Amino acid sequence: MRVILDTSVFHRFDYSSDILYQLKRNGKIKVYVTPMLLEESLKLMPHSSASGDLMKRLQFIRDVSSEGWFEDNFAIFKSELNLLPRRKDYQFLHSRAEKYFKDNIQLILSGGRLDTNVEREARTVLEDNKKKAENLRTIGLDMREAITQGVKELGMKHKHITETWQDFKTRGLNKWGVGLIRRKGCYSKMFQLSALLVWAINKRKCPYFYDWVQGLLYAEFYSMKYPQLKVDLNAQADIQHLIFLRDTDAIISEEKNFMRKAWEDLYAPLGKKYFNVFEAAKL
């Protein structure tokens, strides 16, 4: 079974790592490394008190990964939205890039220090993603407040909102995708023209971008439809992670809130699996 791992499996590291090592040794799982698995571990870099946890996580990632390392999400989207031909395995890191990451991980594990430029770039990416996550949560909270106020003014209750996810998706998917392509600073004006053309004419050409658009749209639906459920600060990271089910069979995660609900509505119908570590141990 081809799997990706959510960083929540690190919450009980010794228990989880023992089970996952065993599953790999027995040929039950083939682990693909996602950018989020690595990124969440590298967040520990600035904290000297967490250096031991960082080392354990990086060593585990090196040891347990048996298959490809996925490319950065936004690099994947750019490949898909481009009119030019792309590599057949564009969703995976090029072998040189994979070696670059592995060499830097080995450098950290051996007690070395990352090049100043590499470390600065890593910190910039982490900070940018943190801001994006905060923005998405703010949008979700604002939408929830607007929906609550709107139904109140109509003299209705929230339970009277009957729009399904499929209805919401049909109504908003294309417009949402256009908005993401046009988002300021993401793509050059020239690239936006070609990207909008690809999105309009052939959405099947950009399956990962499609899942990204769908996932972020779902985060808005979730805010509207489930007011009793928490608007998760990690919603964007959860969607970024789930899109890699496109080329794998299952995700192993301890998350019980937004990520699990998004999987239930978006990927369970496609036959994709969601296991916690205890469930995975029974494979």
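Are Y218 and F221 buried or exposed? In this predicted model, Y218 is buried, and F221 is buried as well. Both residues belong to helix 9, which spans residues 207-225. Y218 and F221 stand three residues apart there, and about one helical turn separates them.

The overall architecture gives the setting. The protein chain contains 12 helices and five strands. It has 283 residues, of which 47% count as buried. Contacts across the sequence were also counted. Among contacts with a separation of 6 or more, 74% join residues 24 or more positions apart. The protein chain exposes about 15,200 Å². Carbon and sulfur atoms supply 53% of that area.

Aromatic side chains were examined next. The structure holds 24 aromatic pairs. One of them is formed by F70 and F244. The ring centres of F70 and F244 lie 4.4 Å apart, with 35° between the planes, and the pair is tilted. F70 is found in the loop between strand 3 (65-69) and helix 4. F244 is found in the loop between helix 10 (235-242) and strand 4 (250-252). The pair therefore ties together parts that are 174 residues apart in sequence. F70 and F244 are both buried.

Y218 and F221 also make a pair. Their ring centres are 6.1 Å apart and their planes meet at 40°, so this pair is tilted. The angle falls between the 30 and 60 degree cut-offs, which is why it counts as neither stacked nor edge-to-face.

Aromatic residues also gather in a group. F74, F77, W199, F209, Y210 and W212 form one aromatic cluster. W199, a member of this cluster, has a charged neighbour as well. K203 lies over the face of W199, at 4.6 Å from the ring centre. A second charge over a ring involves R86 and Y90. The charged end of R86 sits over the ring of Y90, 4.3 Å from its centre.

The surface was considered last. L83, L197 and I201 make a nonpolar surface patch of about 320 Å². Within this patch, L83 lies in a loop. That loop runs between helix 4 (73-81) and helix 5 (95-109). L83 has a relative accessibility of 52% and therefore counts as exposed. The cut-off for that class is over 50%. L83 in the patch is thus exposed, whereas F70 and F244 in their aromatic pair are buried.

Key
Residues numbered from 1 in each chain as written. Predicted model: local features only at pLDDT ≥ 70, side-chain atom pairs only at ≥ 80, totals over all residues. Heavy atoms only, no water. Patch = residues over 30% accessible without salt bridge, like charges linked within 9 Å, V, L, I, M, F, W, Y side chains within 5 Å. Areas by Shrake-Rupley, 256 points an atom, 1.4 Å probe, with all protein chains shown as cover. Salt bridge = Lys/Arg side-chain N within 4 Å of Asp/Glu carboxyl O. Helix = DSSP H or I, 4+ residues; strand = E, 2+ residues; numbered from the N terminus. Buried < 20%, exposed > 50% of the residue type's maximum accessible area, 1.4 Å probe, protein only. Phe/Tyr/Trp six-rings, centres within 6.5 Å; stacked < 30°, edge-to-face > 60°. Lys NZ or Arg CZ within 6 Å of the ring centre and 35° of its normal. Contact = heavy atoms within 4.5 Å.
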